[in-house]
Amino acid sequence: MPVYVSRPTTVLGDHKVTTSEIADDILAHHPDHPRLRAILRVVGNCGVRTRHFTRPLNSPTVSGSGDMGERARVAFGDALAMAERAAVTALDTAGLTAGDIDAIVTTHTTSWAIPNLDVNLIERLGLRPTVRRLALTTVACPGVPTLSSVPPN
């Protein structure tokens, strides 16, 4: 029986942040850190010039001034919203409905949650509760779901 796997759909956060802005934020929040120079050197030499954040850099849930539990909840909520947008786009692009999906594979590095991204997406997308799930939690950066379906006979 053939299986079809959707092409990845990328969804980026709305806030474009430069590496220079991140370095300035680290410097502002941790001026007395004993390894500050080394940290800034690593950040500056990472080879990435811009990133897309779901929240502004100066947000308490991003810059590190907020409660860790709240930061994790916000990050997971943002990852879930982005994954849902990616999944809806993938379904539309493939001309499929939620009922056509037999399996979902998710991966992200954003926080821990129970239930995880896959379970939340099944509910949000209206997928069957019997959909196979493969949660590769914290294995890779994108929180992009992969949907697969078996073609109708």
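Here are a few notes on this structure, which is a predicted model.

1. Start with how confident the predictor is. The average pLDDT across the protein is 83, and 82% of the residues reach at least 70. Among the elements, strand β2 (residues 15–18) comes out with the highest mean, 96, while strand β6 (residues 146–149) has the lowest, 52. Where pLDDT is low, don't read the predicted coordinates in detail. Keep that in mind when you get to β6, given its mean of 52.

2. Next, the layout. You'll find six strands and five helices in the protein. Try tracing the chain from one end to the other: the order goes β-β-α-α-β-α-α-β-α-β-β.

3. Now look at which parts of the chain meet. If you take the contacts with a separation of 6 or more, 78% are between residues 24 or more positions apart.

4. What about inside and outside? The protein has 153 residues, and 34% of them count as buried. The exposed area is about 9600 Å², with 56% of that supplied by carbon and sulfur atoms.

5. Which residues have the most contacts inside the largest nonpolar core? They are Ile104, Leu117, Leu121 and Leu127, in a core of 14 residues. Three elements give two or more residues to this core: α4 (68–94), β4 (101–108) and α5 (117–125). Helix α4 gives the most, with five residues.

6. Don't stop there, though. Another core lies apart from that one and has eight residues, including Ile22, Ala23, Ile26 and Val43. Find those four on the model and you'll see where to look for this other core.

Terms used: Residues numbered from 1 in each chain as written. Predicted model: local features only at pLDDT ≥ 70, side-chain atom pairs only at ≥ 80, totals over all residues. Heavy atoms only, no water. Helix = DSSP H or I, 4+ residues; strand = E, 2+ residues; numbered from the N terminus. Buried < 20%, exposed > 50% of the residue type's maximum accessible area, 1.4 Å probe, protein only. Contact = heavy atoms within 4.5 Å. Areas by Shrake-Rupley, 256 points an atom, 1.4 Å probe, with all protein chains shown as cover. pLDDT = per-residue confidence, 0-100. Core = buried A, V, L, I, M, F, W, Y, C linked by side-chain atoms within 4.5 Å.
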